[in-house]
Amino acid sequence: MLGYGKTYQEVYQSFHWEIPELYNIGVDICDKWAHQRYRLALVYEDETGGEKKYTFWELKRLSNQLANGLKAHGIGRGDRVGILLPQAPETAISHIAIYKVGAVAIPLFTLFGTDALEYRLSNSEAKAVVTDEAGLEKIVAIRDRLPQLNVVIAVSGPSEDRVLEFWELIARGSTDFKPQLTKADDPALIIYTSGTTGPPKGALHAHRVLLGHLPGVEFPHNFFPREDDFFWTPADWAWIGGLIDVLFPSWHHGIPVLAHRAKKFDPEEAFHLLAKHGIRNAFMPPTALKMMRQVKDPRSRHDYEMRSIGSGGETLGEELLDWGRKVMGLTINEFYGQTEVNLVVASCSEVMENRPGSMGRAVPGHRVEVVDEAGTPLKPGHVGEIAIERPDPVMFLEYWKNPEATSEKYAGNWCLTGDLARKDEEGYFWFVGRKDDLITSAGYRIGPAEIEDCIMKHPQVAMVAVVGSPDKVRTEIVKAFIVLKPGLEPNLQVEENIKNFVKVRLAAHEYPREIEFVSELPMTTTGKIMRKELKKLEIERKSKTH
């Protein structure tokens, strides 16, 4: 733990990394605790409300059995293994076993279609994949186009040729297994991330990535862990936010995690889970928080008492922070990172002031700056690109089989994020927008985050996304796609009201000159609004009318 009872500067300056030469994620998050036979690791609640608990001792034995099964079928050091599963015990067991045999895990979203899966499994040359009944149907459809894919393991589902059954494979394996000796810098997992151009890129991470994440988890969760901490996130474990922001660091510290299988996020159910299981810590994407905010008087039905909520992926804004204090009884700590170099900026309400609209300050252990195109740090107040100095244990090794993209990611020793921000005199970072999200209007450079934050304060707005729409006179104009709160109907009066709401709160050049009311916004599987899809739609529309 970082330590508390200090100032931000004391915490930041006193931190130092301890990265051992030999390190294996699977051993660290499981075997390390297995001698405490009854130490709780996982509580799993399925879609029907059925519940099952697992100790670290049980997970060690199960993962050893699966590791023996993988090894018996030719999976070894350096081989890539896809995991196409939801939040479930089998997902965690698969991860642990893959790391123990020295293989490389590839987390895959269950919502992926066959094209998305085929690209990732082909690009990574995956030798095996672990899935369930729903995923098996997709894998069977593309298997003949994946010559490297020798082993398919299914948790359940119809009997298929050349498909192994997960629990049968475990049942045949010995509970004894000697994990591979891996170095901290050895590859451990590939997480695919969509860029602004071209196909998805596989961010290859080393085993040390978990150690690199620890301060970025401990800091925004007010010096996690503490007594009785218990972690949950609705974020999929195929996302770095669910996997290495919650599951792995919790188990590194021997803290139990709730796994909940649900078809979609239900805000009322979220409050129920918090109360039923006594959840103390949660990573909640902003979209989930916005949905929970619409639940009226949750405390009248649910008795919950949380210690920390961290949130990242989109700017929170003042409204959500106020709601967090009133309804959740705590200050939600915002954090920032990306798949390639995650959790490097954060707030911690115990040692610093939380400033609405700011992502926070550099997390202890990381040097983060705002730089120009040459990679030179800018003075406070100037807008530039967020960059992290290497070497850094949380930083990815490379883009899988893509040296050109890897090279373009750096300017000297600075890893470039593609995100624009400014840093103030006290070290707080203020998000402006993605480089490709930036709106250029009549000479002004306008970031969508501040406008979205303002519109979200309007009492009739549930969700919003702001993009630049092509304009002959201004180059671009600000356009807002808005979802109104349930029961409200869009009309011209509401539209004008929102425009004026922004105009008087921000600036005349920042108000949305166009508003389109929609029933929903396009989102990634991790709950981020896909502005680029809206931008693409606008460009196509305008090109047809001119």
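In this predicted model, helix H6 spans residues 133-142, and Gly135, Leu136, Ile139 and Ile142 are buried there. Viewed along the helix axis, these buried residues fall within an arc of 135 degrees, so they line one face of H6. The other side of the helix carries Ala134 and Glu137, both exposed. As for what the buried face meets, the buried residues of H6 pack against strands E3 (80-84), E5 (128-131), E6 (151-154) and E7 (163-165), and also against helix H5 (114-123).

Turning to charged side chains, the count of salt bridges in the model comes to 34. One of them pairs Asp186 with Arg77, at an N to O distance of 3.1 Å. Asp186 sits in the loop between helix H7 (166-172) and strand E8 (187-193), while Arg77 belongs to the loop between helix H3 (56-72) and E3; the pair therefore ties together parts that lie 109 residues apart in sequence. Arg77 is partly exposed, because its relative accessible area of 44% falls between the 20% limit for buried and the 50% limit for exposed.

Strand E3, which the buried residues of H6 contact, also takes part in a salt bridge of its own. Arg80, in strand E3, is joined to Glu125, in the loop between H5 and E5, so this pair links parts that are 45 residues apart in sequence. The N to O distance here is 3.5 Å. The two partners fall into separate accessibility classes: Glu125, at 31% relative accessibility, counts as partly exposed, whereas Arg80, at 14%, counts as buried. The class of Arg80 follows because buried means under 20% relative accessible area.

Further along the chain, Arg541 and Glu516 form a salt bridge whose closest N and O atoms are 2.5 Å apart. Arg541 lies in helix H16 (residues 531-545) and Glu516 in strand E27 (residues 514-517), so the bridge ties a helix to a strand across 25 residues of sequence. Arg541 counts as partly exposed, with a relative accessibility of 31%. This pair also belongs to a wider arrangement: salt bridges with shared partners connect Arg541 and Glu516 with Lys479, Glu514, Glu538 and Lys542 in one network.

Definitions and conventions. Residues numbered from 1 in each chain as written. Predicted model: local features only at pLDDT ≥ 70, side-chain atom pairs only at ≥ 80, totals over all residues. Heavy atoms only, no water. Buried < 20%, exposed > 50% of the residue type's maximum accessible area, 1.4 Å probe, protein only. Helix = DSSP H or I, 4+ residues; strand = E, 2+ residues; numbered from the N terminus. Arc of directions from axis to C-beta. Contact = heavy atoms within 4.5 Å. Salt bridge = Lys/Arg side-chain N within 4 Å of Asp/Glu carboxyl O.
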